[in-house]
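Biologist: Please pick one part of this model and take me through it closely, with the neighbours it touches. I'd like the cut-offs spelled out as you go.

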Amino acid sequence: MRALPRRVLTLAEKLHLDCPSILTALCFVGLQPAHAQTNPVKAFPESEIAIEGGGSFGNYHLFAYAEDRRVYTSGIEYDRHSWGGFLNARVDYVAEILPVVLLSEPAQYKYDSTALTTAHQLKYGADISPIGVRLLWRRNNAFKPYLISKGGVAYFKERVMSPGDTHLQFVAQFGGGMEQTLARRLELRAGISEFHISNGNISASNPGVDLIYVYSALSYKFGR
């Protein structure tokens, strides 16, 4: 058998030696798209806007002592899902604007807020609560329980609770509720909370009031 020329052998040897390197490079390049596709995708939307309304049905003494008051509200709540998790719950930043806050109280009352008549009057105010947090559990399920707290200030057109009280009041809410999925981006909420109103002792008279507050809301999700 005739021997192959040295030049052909050299070429064959080079191809043989380079094959493992070529195959390794091709495998690496081929794996790159698959790796890029494994990037995590957010499992929940970036934020929610909720249109809400509620009212109180009773008084009790926790931080304040005024009695025979009711509150009715309407407004918007904003929730941003950017604070990670705690106790297996998703932690949301919460802000609220209530352009309608109606306080029902006795038409006449003493300096200490005690009623002088059974007649009632409505006093108009508005509230903004820029500080709030919500803990939402079971976020990938149809029914999601949560705890929520909000705090801010309210301003009433007239003095409330006492003749010596102020127009400016501080508001705090602490409570919980349930959120139900209606559609891909729609949620229905219902909850109950402590609704506290007082002037924070910025005047000589500060009866304040603690209310049992119930509310419902329809929220729309933004983002993914």
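Modeller: Let's start with burial: a residue is buried under 20% relative accessible area, exposed over 50%, and partly exposed in between, using a 1.4 Å probe and protein chains only. Strands here are DSSP runs of E with at least two residues, and helices are runs of H or I with at least four, numbered from the N terminus. What you have is a predicted model, where local features need pLDDT of at least 70 and side-chain atom pairs count only at pLDDT 80 or more, while totals for chains, interfaces and linings use all residues. Residues are numbered from 1 along each chain as its sequence is written, and side-chain values use heavy atoms, with hydrogens and water left out.

The part I'd pick is β4. This strand covers residues 89–106, and 13 of its 18 residues are buried, so call it mostly covered.

Now its partners. Two strands count as paired if DSSP finds at least two bridges between them. With β2, β4 runs antiparallel, joined by 10 bridges. In that pairing Val101 is the β4 partner of Thr73, and Ala95 stands opposite Tyr78. With β5 (residues 120–136), β4 pairs over 13 bridges, again antiparallel, and there Glu105 faces Gln121. Strand β3 is just residues 85–86 and is joined to β4 by two antiparallel bridges, with Gly85 opposite Arg90.

β3 and β4 make a hairpin with two residues between them. Leu87 sits in that loop, and its phi is positive, near 55°, even though Leu87 isn't a glycine. Leu87 is exposed, at 58% relative accessible area. Go to the loop between β4 and β5 and you find Ser113, another non-glycine with a positive phi, about 85°. Ser113, however, is buried at 5% relative accessibility.

Back to β2, the neighbour that shares Thr73 with β4. Along residues 70–80 the side chains of β2 alternate: Val71, Thr73, Gly75, Glu77 and Asp79 point to one face and are buried, while Arg70, Tyr72, Ser74, Ile76, Tyr78 and Arg80 point to the other and are not. β2 also runs antiparallel to β1 (residues 47–59), through nine bridges, and Gly54 in β1 stands opposite Thr73. Thr73 therefore has a bridge partner in β1 and a bridge partner in β4.

Next, the charges. A salt bridge here is a side-chain nitrogen of Lys or Arg within 4 Å of a carboxyl oxygen of Asp or Glu, and by this rule the count comes to 16. One of them involves β4 itself: Lys123 and Glu105 meet at 2.9 Å, N to O. That pair links Lys123 in β5 with Glu105 in β4, 18 residues apart. Both ends are covered, with Lys123 buried at 5% relative accessibility and Glu105 buried at 0%.

The buried face of β2 has its own pair, as Lys150 and Glu77 form a salt bridge at 2.9 Å, N to O. Lys150 lies in β6 and Glu77 in β2, so this pair ties together parts that are 73 residues apart in sequence. Both Lys150 and Glu77 are buried. They also belong to a salt-bridge network that links Glu48, Glu77, Asp79, Arg90, Asp92, Glu96, Arg134, Lys150, Glu179 and Arg189. Arg90 is the residue that stands opposite Gly85, so you meet β4 here again.

One last stop, the empty space. Rolling a probe the size of a water molecule over the atoms shows where empty space is left. A cavity is a set of points, on a 1 Å grid over the protein atoms alone, where a 1.4 Å probe fits but cannot get out; lining residues have an atom within 4 Å of a point. Grid points are joined across faces, edges and corners, and the volume is the space filled by probe spheres set on the points. Searching the whole structure gives one cavity of 30 Å³ or more, and the largest has a volume of about 40 Å³. Its lining includes Glu77, Arg134, Lys150 and Arg189, which also appear in the salt-bridge network. β6 gives the most to this lining, with three residues.

Key. On a 1 Å grid over the protein atoms alone, a cavity is a set of points where a 1.4 Å probe fits but cannot get out, and a pocket is an open set with protein on both sides within 12 Å along at least five of seven lines; lining residues have an atom within 4 Å of a point.
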